[in-house]
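Visitor: Please take a close look at one part of this model and describe how it sits against the rest. I would like the cut-offs stated as you go.

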Amino acid sequence: MAIEKHLKLTGISNISWKDAITKTILEASKTIDYISSIAVLEQTAKIDGNKIIEYYSTIDLCFIIDESRE
C-alpha cells in the first residue's frame, strides 16, 4: 500500500511565479525522495510602486513514503 505525504511550501522569486515553483521543487528535492506531484495553492506578489518585485507561489508538494526505510 502506497502512502503519500503532503507538505505546504512557499517559494519566492524575483523573476516569476513559475520560477518560484521551480526553485521550491528543486530545493525540496535535495532532502525529500519520491516527489510525485504538486498542486499550486496560491500565487501572490509583493509590489513596490507599480512593479512586482517578488513573486510568491505556495504549493502542496506530495511525495511517497518509502515503507522499506527504517
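Guide: Helices and strands here are DSSP runs, numbered from the N terminus: H or I over at least four residues for a helix, E over at least two for a strand. The model is predicted, so local features need pLDDT of at least 70 and side-chain atom pairs count only at pLDDT 80 or more, while totals for chains, interfaces and linings use all residues. Residues are numbered from 1 along each chain as its sequence is written, and side-chain values use heavy atoms, with hydrogens and water left out.

The part to look at is helix α1, in which Thr24 is found. Thr24 counts as buried, at 10% relative accessibility; buried means under 20% relative accessible area, exposed over 50%, and partly exposed in between, with a 1.4 Å probe and protein chains only. Setting aside residues up to four places away in sequence, Thr24 touches Leu9, Thr10, Gly11 and Ile59, where contact means heavy atoms within 4.5 Å. The Thr24 side chain also reaches the backbone nitrogen of Gly11, at 3.3 Å.

Now the sheet beside the helix. α1 lies across β1, β2 and β3 and runs at about 40 degrees to β3; axes are lines fitted to C-alpha atoms, for helices over the stretch in contact, and angles run from 0 to 180 degrees between N-to-C directions. The 3 strands form an open sheet in the order β1-β3-β2, with antiparallel pairing. β1 (4–13) and β2 (35–48) are the edge strands, each pairing on one side only. From one strand to the next, the twist averages 15 degrees. Two strands pair if DSSP finds at least two bridges between them; β1 and β3 (residues 51–64) have 10, in the antiparallel sense. Lys5 stands opposite Phe63 in β3.

Back on the helix, Lys23 forms a salt bridge with Asp19, with the closest N and O atoms 3.3 Å apart. A salt bridge is a side-chain nitrogen of Lys or Arg within 4 Å of a carboxyl oxygen of Asp or Glu. Lys23 and Asp19 are separated by about one helical turn because they are 4 residues apart in α1 (residues 17–28). Lys23 is partly exposed, at 39% relative accessibility.

The salt bridge count comes to 2. Another pair is Lys30 with Glu27, whose closest N and O atoms are 3.2 Å apart. Lys30 counts as exposed at 59% relative accessibility, whereas Glu27 is partly exposed at 48%.

Key. Polar contact = N/O pair within 3.5 Å; in protein donor to acceptor, adjacent residues only side chain to side chain.
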